[in-house]
Amino acid sequence: MTLPLTHPSLLPALPAQQPPAPGRPPLDLRVHVQRITAETYVVTDPRRVLAHARTAARTEPGTAALLGHTPLTPLSLSAAAALLAALHDDDELEAMGLHPAGHATCISAARTDEDPVLLELSNAPEHENSP
């Protein structure tokens, strides 16, 4: 009689789990996973971005203040784009002068007793002038 390779009698015996040594916490075997996605946008209409950001700064002054905006300090184009990206979705951003240019996802997973496994995925176009 031929047994399949996954038959219980062919699998190695697992050692019985031992209680932790006195004064030592038990080994944490949970795996912690983190996934971060970053969207990339390009400003295609600076005037429109600045105009929408001025309106957004009036309606969301706390968020604008985190970017350095005060009633006496106007937003730079970079801060204006960041403010709009924080407050609006993709379709709205495109109508406001920001064009989506790709996204990247970074994933890490690890137990507390080991180095993390890292994976980065991107759909951003390669730079044409890269060597």
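**Reading a predicted fold, feature by feature**

Biologist: Ser 76 has a relative accessibility of 42% and counts as partly exposed. Which part of the chain holds Ser 76?

Modeller: Before we start, please keep in mind that this is a predicted model. Ser 76 sits in the loop that runs between helix 2 (61-66) and helix 3. Ser 76 is partly exposed because its 42% falls between the cut-offs of 20% and 50%. You can also place Ser 76 against Ala 53, 23 residues away along the chain: their C-alpha atoms are 9.7 Å apart.

Biologist: How many helices and strands does the protein chain have, and in what pattern do they follow one another?

Modeller: The protein chain has 4 helices and 3 strands. Reading along the sequence gives β-α-α-α-α-β-β.

Biologist: Now to the inside. How do I read a nonpolar core, and which residues of the largest one touch the most other members?

Modeller: The general idea is that nonpolar side chains tend to be buried together in soluble globular proteins. In this model, the largest nonpolar core has 14 residues, and the members with the most contacts to other members are Val 49, Leu 75, Leu 83, Leu 84 and Leu 98. At least two residues of this core come from helix 1 (46-59), and at least two from helix 3 (77-87). Helix 3 supplies the largest share, with 5 residues.

Biologist: Let me try one of these, Leu 83. Is Leu 83 buried or exposed?

Modeller: Leu 83 is buried, because its relative accessible area is 0% and the cut-off for buried is under 20%. Leu 83 belongs to helix 3. Its C-alpha atom is 6.6 Å from that of Ala 53, although the two residues are 30 apart along the chain.

Biologist: What share of the whole chain counts as buried?

Modeller: Of its 131 residues, 15% count as buried.

Biologist: Next, charges. How many salt bridges are there, and what should I look for?

Modeller: Look for a side-chain nitrogen of Lys or Arg within 4 Å of a carboxyl oxygen of Asp or Glu. The count here is 2. One joins the side chains of Asp 45 and Arg 48, with N to O at 3.2 Å. Asp 45 is partly exposed at 23% relative accessible area, and Arg 48 is partly exposed at 37%. Another pairs Arg 111 with Asp 113, whose closest N and O atoms are 2.9 Å apart. Arg 111 is partly exposed at 25%, as is Asp 113 at 41%.

Biologist: And where do charges of one sign gather? Which residues form the patch of negative charge on the surface?

Modeller: The patch brings together Glu 39, Asp 89, Asp 90, Asp 91, Glu 92 and Glu 94. Helix 4 (residues 90-95) contributes the most, with 4 residues. Take Glu 92, which lies in helix 4. Glu 92 can join a patch because its relative accessible area of 37% passes the requirement of over 30%.

Biologist: One last case, Cys 106. Where does Cys 106 lie, and how far in space is Cys 106 from Arg 35?

Modeller: Cys 106 is part of strand 2 (residues 98-110). Its relative accessibility is 31%, which counts as partly exposed. From C-alpha to C-alpha, Cys 106 and Arg 35 are 5.8 Å apart in space, while 71 residues separate them in sequence.

Key. Residues numbered from 1 in each chain as written. Predicted model: local features only at pLDDT ≥ 70, side-chain atom pairs only at ≥ 80, totals over all residues. Heavy atoms only, no water. Patch = residues over 30% accessible without salt bridge, like charges linked within 9 Å, V, L, I, M, F, W, Y side chains within 5 Å. Areas by Shrake-Rupley, 256 points an atom, 1.4 Å probe, with all protein chains shown as cover. Lys, Arg positive; Asp, Glu negative; His and termini not counted. Charge placed at Lys NZ, Arg CZ, Asp CG, Glu CD. Buried < 20%, exposed > 50% of the residue type's maximum accessible area, 1.4 Å probe, protein only. Core = buried A, V, L, I, M, F, W, Y, C linked by side-chain atoms within 4.5 Å.
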